[in-house]
Amino acid sequence: FEPGKFAQAQKVEEGTTNLCPYPTDFSQSAWATSNVTKQPNSGIAPDGSTTMCKIIETTANAVHEIRTPSMTTTSGTCYTFSVIAKAGERRHIRVGLTGAQFGTSRYIVVDLSNGSVVNIVGSPYAYGVRSLGNGFYFIYITHQASASASGTQYIGLQPDATTTTYVGNKGSGLYIWHPQVEAKPYATSFIDGTRSPESLTIPTAGVLNPQEGTVECWVYLCGD
């Protein structure tokens with residue numbers, strides 16, 4: 001059981017596949033960097049483990065970002081890219097979908113000091129931010145793929161809401177955790193790999209009369 005809207009509740013989730021390779025291992029070279037360095041396992045995550053990765057900008061006058069390992073999209077399918085983030089020395093994070101797969105670069109910029117979306121570029125179908133408490137924010141962006149192709153999604157640092165190219169401040173960065181790409185028009189909870197559809201079976205033997213009776217429950221649809 002876990003905390004729910006009605007005190008304790010049992011979570012039942014649909015199946016999904018995280019299309020992002022190595023979502024818990026940022027040390028892999030497949031996590032490409034542009035004018036940033038990675039410090040895996042250097043920040044306290046929402047679950048209390050030291051598994052957040054710090055993304056630290058260099059002093060280059062350029063774009064500062066990290067890109068997911070390559071994944072393949074199918075034209076006409078909606079995809080959702082999500083990540084959990086926390087501010088460090090930098091508080092503006094850019095989360096985006098690549099133009100090679102989604103027609104043009106589409107991204108949002110979030111101020112991690114308060115979770116507000118401060119810039120939207122490329123008119124993504126959907127996007128959002130949810131506070132997880134203690135300065136952690138769950139961020140997602142959704143759009144329909146326009147090409148069947150391989151590509152990478154990106155997470156960038158910014159000094160403000162609109163500046164993507166700038167002279168970095170050595171040592172400044174922010175923290176990310178549990179990136180996920182799903183072939184869905186919405187985000188589900190994180191999984192490293194594939195989660196089978198879940199179901200809940202209520203034991204009734206010796207409890208309910210099979211000829212009569214009533215079963216009732218409260219149901220809360222996450223995101224509604």
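Select Thr 24, Asp 25, Phe 26, Ser 27, Pro 40, Asn 41 and Thr 51, which together line the largest cavity of this model, a predicted one. The volume enclosed there is about 30 Å³, and a search of the whole structure for cavities of 30 Å³ or more finds 1. Colouring the lining by residue class separates 2 nonpolar, 4 polar and 1 charged residue.

Next, select strand 5, residues 36-43, and use this strand as the way into an open sheet. Strand 5 is one of the two edge strands of a sheet of 6 strands, whose order is 5-6-19-10-15-14 and whose pairing is antiparallel. Strand 14, residues 126-133, is the other edge, and each of these edge strands pairs on one side only. If you look across the sheet, neighbouring strands are turned by 30° against each other on average, with direction ignored.

Stay at the strand 14 edge and add strand 15, residues 136-144, to the selection: the two strands run antiparallel and are joined by 7 bridges. For a single point of register, pick Val 129, which stands opposite Ile 139 in strand 15.

Ile 139 also leads inward, since the largest nonpolar core has 29 residues, and Ile 139 is listed with Ile 93, Leu 112 and Ile 176 as those with the most contacts inside it. At least two residues of this core come from each of strand 6 (52-57), strand 10 (78-87), strand 11, strand 12 (106-111), strand 15, strand 17 and strand 19 (173-182). Strand 10 supplies the largest share of this core, with 4 residues. As a general point, nonpolar side chains in soluble globular proteins tend to be buried together.

From the core, move to strand 17, residues 154-158: is this strand enclosed or open to the outside? It is largely enclosed by the rest of the structure, because 5 of its 5 residues are buried. Displaying the side chains here, you will find Tyr 154, Gly 156 and Gln 158 pointing one way, with Ile 155 and Leu 157 pointing the other way, and all of them are buried.

Which strands pair with strand 17? Strand 8, residues 65-67, pairs with strand 17 in the antiparallel sense over 3 bridges, and within strand 17 it is Gly 156 that stands opposite Glu 65. Strand 11, residues 92-97, also runs antiparallel to strand 17, and 5 bridges join the two. End the tour on Ile 93, whose bridge partner in strand 17 is Leu 157, and which is also among the residues with the most contacts inside the largest nonpolar core.

Terms used:
Residues are numbered from 1 along each chain as its sequence is written. This is a predicted model: local features need pLDDT of at least 70, side-chain atom pairs count only at pLDDT 80 or more; totals for chains, interfaces and linings use all residues. Side-chain values use heavy atoms; hydrogens and water are left out. On a 1 Å grid over the protein atoms alone, a cavity is a set of points where a 1.4 Å probe fits but cannot get out, and a pocket is an open set with protein on both sides within 12 Å along at least five of seven lines; lining residues have an atom within 4 Å of a point. Grid points are joined across faces, edges and corners, and a volume is the space filled by probe spheres set on the points. Ala, Val, Leu, Ile, Met, Phe, Trp, Tyr, Cys and Pro count as nonpolar, Asp, Glu, Lys and Arg as charged, and the others, Gly among them, as polar. Buried means under 20% relative accessible area, exposed over 50%, partly exposed in between (1.4 Å probe, protein chains only). Two strands pair if DSSP finds at least two bridges between them. Axes are lines fitted to C-alpha atoms, for helices over the stretch in contact, and angles run from 0 to 180 degrees between N-to-C directions. A nonpolar core is a set of buried Ala, Val, Leu, Ile, Met, Phe, Trp, Tyr and Cys residues joined through side-chain atoms within 4.5 Å.
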